[in-house]
Amino acid sequence: MTIRIATWNVNSVKARLPNLLAWLGEAAPDVVLLQEIKCTDDSFPRMEIEAAGYRAETHGQKTYNGVAILSRRPLAVRRRGLPGDDDDPQARYIEADIQGDGGRPVRVASLYLPNGNPAPGEKYDYKLAWMDRLIGHAATLLAQETALVLGGDYNVCPTDADVYDPKGWQADALCRPESRARFRHLLHLGYTEAFRALHPDRERAYTFWDYQAGAWPRDLGLRIDHLLLSPQAADRLRACDIDKGPRGAEKASDHTPIWVELDD
DNA sequence: ATGGTAGAAGGTCTA
């Protein structure tokens, strides 16, 4: 048996509720990591999602950001918010233990890394500082030797192969060397980036296409949504892929889901 | 050179 864990930046869970429910019904993932829910915890569409068979834990915020974890299995939240700055008001991190429920337990986190544009500037500084906090917390988690999936919208294109126009994007916060160096730092701690581990040479593998300028029909995309696995999770990795279906739907998010399958 | 799109909020910001 396997457990399937997906991540999807839905760009407003309320605006995307029909798309999300349809996709839960088709794809039937066991766990879904959501980003940019853009609502508070008490306005999250909990009843509809529970009716679809999922428990939901949220770390919401009005208007911007907000993350959530949906799970068919029981789950226990470990933390809301990334440690390292108690004054940070932005809701970009939630972490939970998914119960084994007959299989093996797995720890997951849903993260929404700051975009960081314009760069250079204050927003870019916040992005890099947030990445430094993530590196610190990811190292702490690694020492606990659990099967762990750090998934979400990293707002980083790891290499030029993950960008439709590398030259045009080289000065953007998603592609700048400081962002990429910190992403590599995460990997050097001991994490495995699931998609490239299984598809090292696949081209034009994107998870995001801008709403503007016909980016989707022209396939002008970026790969910025990632699933990072601790060694104990990487040992269980069986499959990973991008599900482009939802990006082609009516009223689509500008991101599409990416998922991993782990031995259960 | 600009605007092109989308979402939430609300008379603009974020992406």
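**Entry 1. Terms and overall form**

I began by noting that two strands count as paired if DSSP finds at least two bridges between them. The model I examined is a predicted one.

With that in hand, I looked up an open sheet of 6 strands, and I read its order as β5-β6-β7-β8-β12-β9. The pairing in this sheet is mixed. I found β5 (75-80) and β9 (192-193) at its edges, each with a single partner strand, so one side of each is left without a neighbour in the sheet. I then followed β5 to strand β6 (residues 93-98) and recorded 5 bridges between these strands, which run antiparallel. Within this pair, I noted R80 opposite I94 in β6.

For chain A as a whole, I recorded 7 helices and 14 strands. Its radius of gyration is 17 Å, close to the 18 Å that the globule rule gives for 264 residues, so chain A is as compact as a globular protein of that length. I also looked up the box filled by the C-alpha atoms of chain A, which is roughly 50 × 45 × 40 Å along the principal axes.

**Entry 2. A further sheet**

I next turned to an open sheet of 6 strands with the order β3-β4-β2-β1-β14-β13, in which the pairing is mixed. Which strands stand at the edges here? I found β3 (55-59) and β13 (237-242) there; each has a single partner strand, so one side of each is left without a neighbour in the sheet. From one strand to the next, the twist averages 15°.

I looked more closely at β13, which pairs with strand β14 (residues 258-263) over 5 bridges in the antiparallel sense. I wrote down I258 in β14 as the bridge partner of I242.

**Entry 3. Two helices in contact**

I then compared the directions of helix α3 (residues 122-142) and helix α5 (residues 177-189), whose axes come within 10 Å and cross at roughly 5°. Angles under 35 degrees count as roughly parallel; α3 and α5 are therefore roughly parallel to each other. On the α3 side, I listed K127, L128, M131, I135, A138, A139 and L142 as the residues making the contact. On the α5 side, I listed E178, S179, R182, H185, L186 and L189. I sorted the residues of this contact by class and obtained 8 nonpolar, 2 polar and 3 charged.

**Entry 4. Backbone details**

I reminded myself that most residues other than glycine have a negative phi, and that most peptide bonds are trans. I then looked up the exceptions below.

- I found a cis peptide bond between N117 and P118, with omega about 0°. I placed P118 in the loop between β7 (106-112) and α3.
- I found that the peptide bond from A119 to P120 is cis, with omega near 0°. I placed P120 in the loop between β7 and α3.
- I noted that A28, a residue other than glycine, has a positive phi, near 45°. I located A28 in the loop between α1 (17-27) and β2 (31-35).

**Entry 5. Surroundings of DNA strand B**

Last, I looked up the residues around DNA strand B. Which of the 15 residues come nearest? I recorded S12, A15, T63, N115 and Y211. By class, I counted 5 nonpolar, 5 polar and 5 charged residues on the surface near DNA strand B.

Terms used
Residues are numbered from 1 along each chain as its sequence is written. Chains are lettered from A and ligands numbered from 1 in the order in which they are written. This is a predicted model: local features need pLDDT of at least 70, side-chain atom pairs count only at pLDDT 80 or more; totals for chains, interfaces and linings use all residues. Helices (H or I, at least four residues) and strands (E, at least two) are DSSP runs, numbered from the N terminus. Axes are lines fitted to C-alpha atoms, for helices over the stretch in contact, and angles run from 0 to 180 degrees between N-to-C directions. A residue is near a molecule or strand if its C-beta atom, placed from the backbone, lies within 6 Å of it. Ala, Val, Leu, Ile, Met, Phe, Trp, Tyr, Cys and Pro count as nonpolar, Asp, Glu, Lys and Arg as charged, and the others, Gly among them, as polar. Angles under 35 degrees count as roughly parallel, over 145 as roughly antiparallel, 65 to 115 as roughly perpendicular and the rest as oblique. Two residues are in contact if their C-beta atoms, placed from the backbone, lie within 7 Å. The radius of gyration is taken over C-alpha atoms; the globule rule is 2.2 Å times the number of residues to the power 0.38.
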